[in-house]
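Visitor: I am new to this structure and would like to learn how to read it. Could you walk me through it step by step?

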Amino acid sequence: MFHTSLVDAILKGDKITGIRVLRREGLASIGAKVVIDATGDGDVAARAGVPCTFGNPELGTVQPATLFFHINNVDSQRLTADVQAHLHEFRKVNGVSYRALHWRVEEAEAAGEWDINRKSVNIYRGVHEDEWAVNCTRIAKVDATSTESLSAAEKEGRRQVQELMNFFHKYVPGCEKATIKSSASTLGIRESRHVMGEYLLTADDLLQGVVPDDSILCASNSVDVHGRNGANTTEYKTIQNGRWYGLPLRSLMPQHIDGLIVAGRAISASSDAAGAVRVMPPCMAMGHAAGIAAALAVSGGTVPRKVDAGDVRRILLEQKAFLG
Ligand SMILES: Cc1cc2nc3c(=O)[nH]c(=O)nc-3n(C[C@H](O)[C@H](O)[C@H](O)COP(=O)(O)OP(=O)(O)OC[C@H]3O[C@@H](n4cnc5c(N)ncnc54)[C@H](O)[C@@H]3O)c2cc1C
């Protein structure tokens, strides 16, 4: 159901039995034997009273948000030639290059025409020859659980889009006549709540390539924490041992409240570990496993945390999931 917002969790003791929602018609309730919280922010879990942390509690930081946008009317041959000419300057971390146009940002910064808290511009080819997607705005300290904070951040994102357009026009070859084709309809949030679950996934688990017995997915995305300590500080750590790590079903099972499963970037993981598993492929695989665990709980007349992880894994394998 689209156009439906969560209002609250409905609880019977320590069990969630449904949710209150706001629909176009007004307030309504939806009953459920199992609720899967895939809000990204752990909204259902938080409303149900599950303990959550926010960002990195030790450092008091949260990954920055980004308003994506697309540009067109770009002379892509000239832009690509500029990037090719500077390939040797790309900064490599663990053999991965992840910066672009930092040579142009330096020029703009020297002229006092850059105030975005980063040193490079991530751009990706679009569908059409003259089109590029821009992943560059950076909005710090956004609290995605606060309407006020989100609203201020959306405004700042739009201001940065305009600043980037000025930058493209003046400093980037091939972009002199670029126009905004579209911008994202909403801010992209990299981090907010981390729901405390039966197991807290840590960055060390990932870097050591640990594959627990109750793994419901295997992934290899690196720990990727953007700009935690300023413009030039994206932290990027790849697996040290093994080719992938596993994510245990226990990290999808919140503490204290029964009948609830969390899938997506709010699962029980430390801030750094979430920096790896928050990306789309693991999030989709979590949704797959959460759906199977929910179905098994309902058909077995039990609660999700009591479902046998071996049964979830068996069905995942039957459905061609990759479990190492
Ligand atoms: C700028 C940026 C770049 C990224 N780049 C990449 C990349 O290159 N590759 C990659 O794999 N990943 C990337 N990611 C990460 C990835 O896109 C997300 O972390 C991932 O999609 C999160 O999935 P999710 O299912 O947990 O949450 P989401 O995809 O955010 O889904 C949550 C859904 O819940 C809905 N919702 C939330 N709260 C409520 C509520 N209270 N009531 C009703 N509905 C609600 C939302 O509308 C949304 O539809 C990027 C993220 C950002 C921000």
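Guide: Gladly! Let us begin with one pair of residues: Arg23 stands opposite Gly26 in S3. Please keep in mind that this is a predicted model.

Visitor: Which strand pairs with S3, and over how many bridges?

Guide: The partner is strand S2, residues 15-23, and the two run antiparallel over six bridges. Another residue facing S3 is Ile19, which lies across from Ile30. To follow the chain from S2 into S3, look for a hairpin; two residues make the link.

Visitor: How should I think about the side chains along a strand?

Guide: As a general idea, side chains in a regular strand point alternately to one face of the sheet and the other.

Visitor: What is the order of the strands in this open sheet?

Guide: The order is S1-S2-S3, three strands with antiparallel pairing. S1 and strand S3 (26-31) are the edge strands; each has a single partner, so one side of each has no neighbour in the sheet. On average, neighbouring strands here are turned by 25° against each other, ignoring direction.

Visitor: How many bridges join S1 and S2?

Guide: Seven bridges, again in the antiparallel sense. Leu11, for instance, has Ile16 in S2 as its bridge partner. The hairpin of S1 and S2 has two residues between the strands, and there Gly13 takes a positive phi near 65°.

Visitor: Where can I practise on another hairpin?

Guide: Try S9 and S10, a hairpin with six residues between its strands. Strand S9 covers residues 122-125 and strand S10 covers residues 132-135, paired antiparallel over four bridges. Within this pairing, Ile123 is matched with Val134 in S10.

Visitor: Now the ligand, please. Which residues come nearest to it?

Guide: Of the 20 residues around the ligand, Gly40, Gly188, Gly264, Val279 and Met280 come nearest. When reading such a shell, ask which elements supply it. Strand S1 (5-12) and helix H7 (280-299) each give at least two residues, and H7 gives the most, with three.

Visitor: How do the shell residues divide into nonpolar, polar and charged?

Guide: Eight are nonpolar, seven are polar and five are charged.

Visitor: Finally, into which domains is the chain divided?

Guide: Domain 1 takes in 33-57 + 191-318, while domain 2 spans 69-183. Notice that domain 1 is listed as two stretches of the chain. To place the domains in space, compare their C-alpha centres, which lie 31 Å apart.

Technical notes. Residues numbered from 1 in each chain as written. Predicted model: local features only at pLDDT ≥ 70, side-chain atom pairs only at ≥ 80, totals over all residues. Domains from an automatic or database assignment. Near = placed C-beta within 6 Å. Nonpolar A, V, L, I, M, F, W, Y, C, P; charged D, E, K, R; others polar. Pairing = 2+ DSSP bridges. Axes fitted to C-alpha atoms, helices over the stretch in contact; angles between N-to-C directions.
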